[in-house]
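Please follow this account with the sequence and the model in view. It leads from one strand and its neighbours to a helix.

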Amino acid sequence: MDKELTRRGFIGCAGGLLASVAFAGCAGNAGGDSAKDGAADDTTNDAAAKGSIDYMALVNKQHALPDDWEANVDLVEEKSLLYDDPVKVERKAYEAYQALKKELADEGTFVELDSCYRSVAQQQEVMDEFTKEYGAEYAKRIVATPGYSEHHTGLALDLFLVIDGEQVYLNEDMMQHPEVWEKVHAKLGDHGFILRYLPERKLITGYSYEPWHIRYIDDPSVAKQIMDDGVTFEEYLNEVPENIAGCKIEYGTSDLYAESDIDATIDTIMQEFNSWDGCKLLRFAYAGDDACGAEELAYVNSLRKEGTDEFGQAIVLVTDFHSPSADKAEGTAWEPDTDYEGYTWHLGRTDADGAWELLTMGYA
Ligand SMILES: [Zn+2]
């Protein structure tokens, strides 16, 4: 592994099933506000020559970084506590972060910067390295597509915690401190930040819950409204695809699978569902541990392609959906304008690190 791959943020991804924070959504942005003294240095000395950026720009798996962004984003940097390379953040976002950090510290809560700005070129390098090391399929699953990461904006910050003087930066460790994150999240809006990847919203944001990934949108009144309403940025901007609008994920309770394991089925299932022209998803639910036992595992293994590795885990999801009106339903298997309930999806994977594969779907 080369040095880039051994960096903490990247390792998290490489080893794990959870798509890392680092690759998930962060990009960089530019501001062009007044320079402030402080820990940060200018990465350019001609901030005034920078253009303006749209602090409300949406960058996600469907919306690419605007073309002129990288030329206009005004980045500042500070020495990283975790990596050799400095952390880069858009100037106004950095100033807002400093104010947030100080206010939190005054109350005994300590945050630091993990991964922030990453250029499209850097993301491409990471993609290339992972492709070389682990193959294209794994790389595409783990690494955000270059150009489609919110970290390109410079407005997305991954925080880590310092608790009793100890740095807490591994995703699974940070997840153990919900009461600390609650204090952090309560102050975001006042400083123009929002929480980007809310719990139970992977259908909408494309990412599982990440308490550490915050996004600067500049206007505190808008940020406070978004935080108070508990909505995603996509919902606020009215950019939720129509075929999933209003659909919530029902995780239920499980001894077999965590929320993230269930989330990991979404991309695979939605790739198929999105091809059903005009169908609207109403419900997306985990079928429960009883449906995912030895019998189901044997079933998905019976559907496995010859010569592929045996599945060690099976999962069943249940969806309700509404079929399209007559013109779009014509030539499909759907009765027009009808609610379909309890439609099941059967997936298998080799182990917790493997990708879910869709074996079959329909009515059992
Ligand atoms: Zn992030």
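Two strands are said to pair if DSSP finds at least two bridges between them. With that criterion in mind, and noting that the model is predicted, one may begin at strand S5, residues 156–163.

On one side of the pairing scheme stands strand S4 (residues 110–113), which runs antiparallel to S5 and is joined to it by 4 bridges. Within this pair, Val111 has Leu161 of S5 as its bridge partner. S5 also pairs with S8 in the antiparallel sense, through 3 bridges; here Leu157 is matched with Ile214 of S8.

A further antiparallel partner is strand S6 (residues 166–168), again joined to S5 by 3 bridges. Val162 lies opposite Gln167 of S6. The hairpin formed by S5 and S6 has 2 residues between the strands, and Asp164 adopts a positive phi near 50° there. How enclosed is S5 by the rest of the structure? Because 6 of its 8 residues are buried, S5 is largely enclosed.

Attention now turns to helix H5, residues 91–106. At 1.5 Å a residue, its 16 residues should span 22 Å, and the end C-alpha atoms, 23 Å apart, agree with that expectation. The buried residues of H5 are Arg91, Lys92, Ala93, Tyr94, Glu95, Ala96, Tyr97 and Leu100. S5 reappears here, for the elements covering these buried residues include strands S2, S3, S5, S7 and S8 together with helix H9. After H5 comes Gly108, with a positive phi near 90°.

Note on methods. Residues numbered from 1 in each chain as written. Predicted model: local features only at pLDDT ≥ 70, side-chain atom pairs only at ≥ 80, totals over all residues. Expected span 1.5 Å × (residues − 1). Buried ≥ 20, exposed ≤ 12 C-beta atoms within 10 Å, placed from the backbone. Contact = placed C-beta atoms within 7 Å.
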